Amino acid sequence: MIRFDAIFLVDDDPINNLINRRLLGKTGISNRILEFLGGEDAFEKISELGPDETLLILLDINMPVMNGWEFLNKYMELFPNRKDKIVILSSSIDFQDRQRANEYSIVSGFLEKPLTLDKINGQMEHYR
């Protein structure tokens, strides 16, 4: 099973983050799960990490201040050489959002909320 140095939950909903943190804790894919209510806080923490640390970032699209698309654009600008995996985790069922996500080479998946163990395991299969 693939393991990550840390999992970042970037979602403005603290209850979603709490539930997802507990769920991800059961998978054993990382011992460090960090929650961020906004993108700027996540960027600050990413910049403190070593270049060899690999993250799994679960990113919500619909957030105030900085939405998921803005996050992706800024991530690519700030961290062009990182090897993190970014998965969009959204309540959006809009096909256009999925298409837009596919335009970003750094996005490795698009999961609909709520997150489940089956969805996590299915996504992890892509990284083997």
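Q: In a sheet, how many bridges must DSSP find between two strands for them to pair?
A: The structure shown is a predicted model. In describing its sheet, two strands are said to pair on a bridge count, and the number that DSSP must find between them is at least two.

Q: In what order do the strands of the open sheet stand?
A: The chain holds 5 helices and 5 strands. The open sheet has 5 strands, and their pairing is parallel. Across the sheet, the order is β2-β1-β3-β4-β5.

Q: Which strands form the edges of this sheet?
A: An edge strand pairs on one side only. On average, neighbouring strands of the sheet are turned by 20° against each other, direction ignored. The two strands that pair on one side only are β2 (33–36) and β5 (107–112).

Q: Which residue of β3 is the bridge partner of L9?
A: Strand β1 (residues 6–10) runs parallel to β2, to which 4 bridges join it. On that side, L9 stands opposite E35. Strand β1 also pairs with strand β3 (residues 55–59) in the parallel sense, over 5 bridges. In β3, the bridge partner of L9 is L58.

Q: What angle does the direction of helix α1 make with that of β2?
A: Helix α1 (residues 14–25) packs on the sheet, where its contacts are with β1, β2, β3 and β4. Its direction and that of β2 make an angle of about 170°.

Q: What angle does the direction of α3 make with that of β3?
A: Helix α3 likewise packs on the sheet, and the strands it touches are β1, β3, β4 and β5. The angle between its direction and that of β3 is about 150°.

Q: How many of the 5 residues of β1 are buried?
A: A residue counts as buried at under 20% relative accessible area. On one side of β1, A6, F8 and V10 are buried, and on the other I7 and L9 are buried, so that both faces of the strand are covered. Strand β1 is therefore largely enclosed by the rest of the structure, the count of its buried residues being 5 of the 5.

Q: Which helix gives the most residues to the largest nonpolar core?
A: The largest nonpolar core has 26 residues, of which F8, V10, I57, F71, L72 and Y75 touch the most other members. At least two residues come from each of β1, α2, β3, α3, β4 and β5. With 4 residues, the element that gives the most is α3.

Q: How many residues make up the second, separate core?
A: Among the members of this core are L9, L89, L115 and Y127. In soluble globular proteins, nonpolar side chains tend to be buried together. The number of residues in this second core is 16.

Q: Is I46 buried or exposed?
A: Residue I46 belongs to helix α2 (residues 39–48). Beyond four places in sequence, I46 touches F8, L55, I57, Y75, F79 and R82. Because its relative accessibility is 1%, and the cut-off is under 20%, I46 counts as buried.

Q: Which residue makes a polar contact of 2.6 Å with the side chain of D84?
A: Residue D84 lies in the loop between α3 (68–78) and β4 (85–90), and its relative accessible area of 7% places it among the buried residues. Outside four places in sequence, its contacts are E53, T54, L55, I57 and Y75. The side chain of D84 makes a polar contact of 2.7 Å with the side chain of R82. At 2.6 Å, its polar contact is with the side chain of Y75.

Q: What is the relative accessibility of D60?
A: Residue D60 is placed in the loop between β3 and α3. Leaving out neighbours within four places in sequence, it is in contact with V10, D11, D12, G68, L89, S90 and K113. D60 counts as buried, with a relative accessibility of 4%.

Q: What is the radius of gyration of the chain?
A: Along the sequence, the elements follow the pattern β-α-β-α-β-α-β-α-β-α. For 128 residues the globule rule gives 14 Å, and the chain comes close to this, so it is as compact as a globular protein of that length. Its radius of gyration is 13 Å.

Q: What percentage of contacts between residues at least 6 apart join residues at least 24 apart?
A: The C-alpha trace spans about 35 × 30 × 30 Å along its principal axes, and buried residues make up 45% of the 128 residues. Among contacts between residues at least 6 apart in sequence, the part that joins residues at least 24 apart is 65%.

Definitions and conventions: Residues numbered from 1 in each chain as written. Predicted model: local features only at pLDDT ≥ 70, side-chain atom pairs only at ≥ 80, totals over all residues. Heavy atoms only, no water. Buried < 20%, exposed > 50% of the residue type's maximum accessible area, 1.4 Å probe, protein only. Polar contact = N/O pair within 3.5 Å; in protein donor to acceptor, adjacent residues only side chain to side chain. Contact = heavy atoms within 4.5 Å. Axes fitted to C-alpha atoms, helices over the stretch in contact; angles between N-to-C directions. Core = buried A, V, L, I, M, F, W, Y, C linked by side-chain atoms within 4.5 Å. Rg over C-alpha atoms; globule rule 2.2 N^0.38 Å.
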